[in-house]
Amino acid sequence: MTPKDTSTITITITDAMERTMSLLGSRLTAMTPDALAAAISTVEWAHLPDWEELDDVEIAKTSALDKMGLKGQLLIITEASYGKGNGAFLLDASDLMNFINEHLGKYRECFFNGDVVIVELEGKHVWLFHHEGHWALADVA
Amino acid sequence: MQRSSSKGSDDEYDWNNDPHLLAAYGFCSIDNDDQDYERAYAPGLSASASIDSPQPAVNKPGFIDNDDGSNIRTGPAELFGQPLTAQPLPPATRVFVSGQHPDAPTWWYVSAHLPDTIVRGYVQHFRVNTDLPEPSSKLYQIKSGDTVEALARREFSASVRDGHDLRYYENVLLAVNRDKNRAGIKGTFQDPGIFGGGVNNIQLEAGRRIWLVSPAYARSLESIVPDGSLTNGGYAKVKRVLGHIEDLVQSVTESPQHIDAVAGEYAEAIKDHLPEIIGITAAFILAESASAFLAATPTGVGQLAAVVIQLGLAAFGASFAVDAGIEALKHGDSWLTLAWTAQGDAEQLADASREFLRMLVSIAAAALTLLGVRGNVDKGLKVANSIKIQPPAVGWSPAMVTESGQAIAGGPRLVPGSIATTGPVDIGVSAMTGVGSGGSKVSKGSSSQNQEAGQGERTVKNSAGQTVSRKLVRSEDELLAAAERHAGGSLDNFTEYKPNWWKSPDDQKRIEFNLEGHPHMNEGPHVTVRVFDGKRHRVVEKIFIEGKETFR
């Protein structure tokens with residue numbers, strides 16, 4: 001399977017939560033930034049003003065998501081993950097920017113359309129985007 | 001030139017000829033000219049559907065002039081535009097064409113004026129006839145049993161006077177429709193000088209349509225009918241009789257020329273919706289042009305301004321934005337007075353257009369503020385799919401005697417109308433209280449119904465340090481009531497797709513009902529309402545509990 005194909009692999013939100021709980025070693029009530037931040041001891045949030053006026057790639061670059069150095073397989077939950085037939089997305093970190101760029105066309109809504117959760121399954125980082133326009137990178141190792 | 005009225009024409013890429021496709025896509029068949037259109041017509045079938053943005057074009061009044069009527073859709077059928085009404089618009093429906101589809105110019109964007117509703121959307125251009133005898137005329141579908149005498153009596157009886165009995169007006173109908181090659185009326189002119197004599201020389205043909213002109217226009221044809229020719233300059237001679245109406249419509253349709261100079265930071269918001277607003281306003285003016293309150297101008301001008309402002313507010317989903325009233329009314333009055341007295345003067349009409357735009361700016365600013373949307377967000381405003389109108393009317397109060405025995409003479413009396421919307425506009429919670437239609441519906445039996453009566457508004461700094469307007473309620477119950485009101489009466493109407501988040505069945509609206517708040521953003525319990533703009537669900541309203549705006 002080529003790296004590009006991995007962008008379309010989805011698992012259920014429940015499966016994604018179980019894998020994330022396994023990584024965190026603590027219980028989660030939801031796969032949302034609020035719930036994850038509550039489960040992780042220290043999360044420092046940064047704010048992105050006027051994020052709704054930016055397109056997805058601009059948000060990713062402004063929040064330095066493309067420079068976070070996320071590696072390996074990523075588990076991603078966007079608002080589209082809760083749409084019919086969708087779920088949590090599994091893809092290689094090298095495909096992240098492509099996935100963000102193509103999200104609006106594929107799922108008919110922006111990648112940043114509210115909450116976004118990105119779990120680095122191997123490197124044990126979690127990147128969160130809160131629907132109020134705040135983002136954070138947390139180390140869960 | 002009369003339009004084609006043949007059945008089974010090239011209707012919408014044969015969607016209507018394939019019942020399986022129709023059923024699969026939920027489209028209405030258009031082959032239903034035997035139905036009772038008024039009964040079958042049901043506006044708001046797809047009230048929440050999003051209508052494609054039109055490109056400005058045409059800007060003419062017209063009528064549906066096809067035996068099958070016309071479906072009115074969110075976009076072209078071939079681009080999967082959905083019908084906006086349960087049944088097609090009936091033949092002879094008044095429309096105002098103010099645009100065309102950006103990807104399919106043969107689909108015209110119209111505001112259709114039905115008995116108590118203005119519906120906007122796309123129709124096939126060949127179903128619309130814009131070649132009106134005069135702007136105030138209307139197309140009439142002849143029914144079995146109709147006679148030209150009965151029609152003339154109904155339309156012109158108030159204008160009958162010595163030397164011009166009903167037969168004069170029958171001749172007018174014949175002359176006007178002969179000039180437009182209408183097949184529904186045939187015969188020869190009757191001699192209005194021979195009262196009560198002769199046979200009926202003019203016949204109607206049921207099932208066809210003819211033009212009915214306004215009494216003012218009919219009277220203006222005295223020197224032409226029955227002997228004169230409308231085609232040999234006849235129309236030019238009487239054109240200015242209806243100049244007021246033409247000037248009014250022109251001041252609206254020419255407004256796009258001035259938008260950049262006038263609208264300032266609201267230019268984008270208004271520009272995006274100008275074809276819709278032009279269509280709604282012009283359709284209303286033309287439909288009401290014969291009414292008493294407009295005919296009575298200049299005294300009727302202020303009343304018309306008030307109604308048009310209410311139309312604009314309703315279109316933008318801000319029916320109760322009373323703060324817009326004073327400023328908008330000032331510009332509205334000025335617009336109508338300038339247009340009404342322009343007598344075709346181009347410079348004055350340009351001034352009128354600018355005042356029309358200034359009125360729109362006041363309306364847009366009020367609507368945006370009410371919706372909690374920043375002024376320069378071009379997609380912040382949505383326009384209602386349809387607007388239900390009970391137009392104001394001038395009635396006559398009967399003479400009466402007061403309790404103290406004082407006699408009060410009867411007199412003219414303005415009967416206020418009402419305006420409500422259906423469609424994708426998102427209405428502020430407090431704004432829609434008691435209206436009961438549109439983006440929010442009145443709660444059905446909720447124990448917390450109307451508990452927002454004490455709701456206030458406060459300017460605060462949000463978690464990002466920005467100054468924003470927040471609505472405030474007094475308790476968790478009221479917060480729930482606000483959420484339920486936005487969900488059409490109950491959150492049960494929506495689906496809870498993740499903790500604290502609900503979405504509407506069509507996913508156009510998402511509501512966050514959060515009694516905990518966000519500790520990291522220092523926000524207390526709140527309701528956030530988001531509406532989809534084609535890319536994102538943008539915040540249109542945020543409500544907190546007074547005294548608990550921050551996290552504790």
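In this predicted model, B:Arg354 has a relative accessible area of 25% and is therefore partly exposed. The side chain of B:Arg354 meets that of B:Asp351 in a salt bridge, with N and O separated by 2.8 Å. The partner, B:Asp351, likewise counts as partly exposed, at 32% relative accessibility. Both residues belong to helix α13 of chain B, which covers residues 346-371, and because they are three residues apart there, about one helical turn separates them.

Two further pairs within chain B can be described in the same terms. B:Arg208 forms a salt bridge with B:Glu205, and the closest N and O atoms of this pair are 3.1 Å apart. Here B:Arg208 is partly exposed at 30% relative accessibility, and B:Glu205 is also partly exposed, with a relative accessible area of 28%. A salt bridge is also found between the side chains of B:Lys138 and B:Glu155, at 3.3 Å from N to O. This pair links distant parts of the chain, since B:Lys138 lies in strand β6 (residues 138-141) of chain B and B:Glu155 in helix α3 (residues 148-156) of chain B, 17 residues apart. B:Lys138 counts as partly exposed, at 34% relative accessibility, whereas B:Glu155, with a relative accessible area of 17%, is buried. Over all chains, the structure holds 26 salt bridges.

Attention now turns to the interface between the chains. In chain B, 27 residues are in contact with 30 residues of chain A, and the two chains bury about 2,200 Å² between them, of which 44% is on carbon and sulfur atoms. Eight salt bridges are found across the interface of chain B and chain A, and 21 residue pairs across this interface are in polar contact, with both residues of each pair at pLDDT 80 or more. On the side of chain B that touches chain A, at least two residues are supplied by each of the strands β18 (495-498), β19, β20 (509-514), β21 (526-532) and β22 (537-545) of chain B. The most is given by β22 of chain B, with four residues. By class, the residues of this side of chain B divide into eight nonpolar, seven polar and 12 charged.

Among the charged contacts between the chains, A:Glu109 and B:Arg510 meet through their side chains in a salt bridge of 3.2 Å, N to O. Both of these residues take part in a network of salt bridges that links A:Glu79, A:Glu109, A:Asp115, B:Lys498, B:Asp507 and B:Arg510. In general, side chains of opposite charge can pair when their charged atoms come close.

B:Lys503, located in strand β19 (residues 501-503) of chain B, presents another arrangement. This lysine is buried yet has no salt bridge, and the nearest side chain of opposite charge, that of B:Asp507, is 4.5 Å away. The absence of a salt bridge with B:Asp507 follows from the cut-off, because a side-chain nitrogen must lie within 4 Å of a carboxyl oxygen to count. The side chain of B:Lys503 does, however, reach the backbone oxygen of A:Tyr82 at 3.3 Å. When neighbours within four places in sequence are left aside, B:Lys503 is in contact with A:Tyr82 and A:Gly83 of chain A and with B:Phe494, B:Thr495, B:Tyr497, B:Lys509 and B:Arg510 of chain B.

Notes: Residues are numbered from 1 along each chain as its sequence is written. Chains are lettered from A and ligands numbered from 1 in the order in which they are written. This is a predicted model: local features need pLDDT of at least 70, side-chain atom pairs count only at pLDDT 80 or more; totals for chains, interfaces and linings use all residues. Side-chain values use heavy atoms; hydrogens and water are left out. Buried means under 20% relative accessible area, exposed over 50%, partly exposed in between (1.4 Å probe, protein chains only). Lys and Arg count as positive and Asp and Glu as negative; His and the chain ends are not counted. A polar contact is a pair of N or O atoms within 3.5 Å; within protein, one must be able to donate a hydrogen and the other to accept it, and residues adjacent in sequence count only if both atoms are side-chain atoms. Contact means heavy atoms within 4.5 Å. Buried area is the accessible area (1.4 Å probe) that two parts lose on being put together, summed over both. Ala, Val, Leu, Ile, Met, Phe, Trp, Tyr, Cys and Pro count as nonpolar, Asp, Glu, Lys and Arg as charged, and the others, Gly among them, as polar.
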